[in-house]
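Visitor: Please give me a close look at a single part of this model: its interior, with a surface site for contrast. I should also like to know how far the prediction may be trusted.

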Amino acid sequence: MAKVKILADSTCDLSRELIDKYHIGIIPLTVCFDEYALKDGVEITPQDIYDYVDKNGTLPKTSAVNITDYYEVFRFWHENGCGAIHISLGAKFSSSCQNARLAAYEFDDVFVLNSDNLSTGQGLLVLRAAELAEKGLSAKEIYQMLLIDVEKVEASFVIDSLDYLYKGGRCSALAMFGANLMKLKPCINVTNGRMEPGKKYKGHIEKVIPQYVEDRLKDRKDLNTDRIFITHTTCSKECVEEVKTLIKRLVPDFNEIIETTAGSTITSHCGPNTLGILFMRK
């Protein structure tokens, strides 16, 4: 067993199968429903988010992991003789990274990586760290390699509706109305640790998604073909299978095509029928 424990915020959106396979420790963010504070992936599911929004017309609030919770996790692994790498939700999205770094300050064997990403953009780095730990690298060596890998992650997704972004204060009422009226499906890119608008597609989401996938992958020569994630919020099985088939046609060399469903924190920001493909460049 590796002597380095790999930890991550729940926003990495890895499936339970992957978490168990790589022995990853998940530290949950909090989703607040009125007076209730619930742990992402532990006490709340994405369906709870949809039900709350349908009933109340507003989004629940999400909050970062606090310093004390991080400290207790880091202390546990330190006292059990393990160094630790914690891969955090991007620092420009949340104070989680800052809190984790403050908690790790007094441990010389705990390293906190700002993923500069979210969802399985963060998850790609988590799996990379886990594989390096299995090879016997030290926590410091893994951290130094991940600092380079952060720049190689390519994360994007297509949103069916701007309703959730509007409810969360991330777009104007005019932008939402215009997009819905014209049936626009915006692509959002994660660039330099921020979400930036990309190409605007037009039409039904299940027609738009194949166009988006082809735009991201066609004729690319710079792809790391270890794995690619298809991460979505309740897209249809048929849509996801079509994406898998298209990926295999465009880039037959991917060793793994992994489907994951976004967790509650990510779902609360993007809403249903969002899909992204996330991978690394060479």
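**From the surface to the interior**

Guide: Glu 35 is exposed, with a relative accessible area of 61% (exposed means over 50%, buried under 20%, and partly exposed in between, for a 1.4 Å probe and protein chains only). Its place is the loop that joins β3 (30-33) to β4 (36-39); helices (H or I, at least four residues) and strands (E, at least two) are DSSP runs, numbered from the N terminus. Between the C-alpha atoms of Glu 35 and Leu 132 the distance is 42 Å, with the two positions 97 residues apart in sequence.

The model is predicted, with local features needing pLDDT of at least 70 and side-chain atom pairs pLDDT 80 or more, while totals for chains, interfaces and linings use all residues. Residues are numbered from 1 along each chain as its sequence is written, and side-chain values use heavy atoms, leaving out hydrogens and water.

The protein has a mean pLDDT (the predictor's confidence in each residue, from 0 to 100) of 90. Of its residues, 92% reach 70 or more. Strand β7 (residues 110-114) has the highest confidence, at 98, whereas helix α8 (residues 173-181) has the lowest, at a mean of 45. For residues 172-178 the pLDDT falls below 50. Even so, this stretch has seven contacts in the model beyond near neighbours in sequence (a contact means heavy atoms within 4.5 Å).

The interior may be approached through Leu 7. This residue belongs to strand β1, and Leu 7 is buried, its relative accessible area being 1%. Leaving aside residues up to four places away in sequence, Leu 7 touches Gly 25, Val 73, Phe 74 and Trp 77. On the same count, the residues touched by Leu 7 also include Ala 84, Ile 85, His 86 and Ile 87. One of these partners is distant along the chain: Val 73 and Leu 7 are 66 residues apart in sequence, with 9.1 Å from C-alpha to C-alpha.

Another of the partners of Leu 7 is His 86, which is found in strand β6. The side of this contact belonging to His 86 is likewise buried, since the relative accessible area of His 86 is 0%. Residues up to four places away in sequence again being set aside, His 86 touches Leu 7, Ala 8, Asp 9 and Ile 27. Its contacts also include Tyr 70, Phe 74 and Ala 100, together with Phe 111, Val 112 and Leu 113. Phe 74 thus appears among the contacts of both Leu 7 and His 86.

A helix completes the view. In helix α6 (residues 139-149), the buried residues are Ala 139, Ile 142, Tyr 143, Leu 146 and Asp 149. They line one face of the helix, because, seen down the axis of α6, they fall within an arc of 115° (taken over the directions from the helix axis to the C-beta atoms). The elements against which these buried residues pack include the strands β1 (4-9), β6 (83-88) and β7. Also packed against them are α5 (119-134), β8 and β13. The strand of Leu 7, β1, and the strand of His 86, β6, are therefore both among the packing partners of the buried residues of α6, and Leu 7 itself is buried, at 1%.
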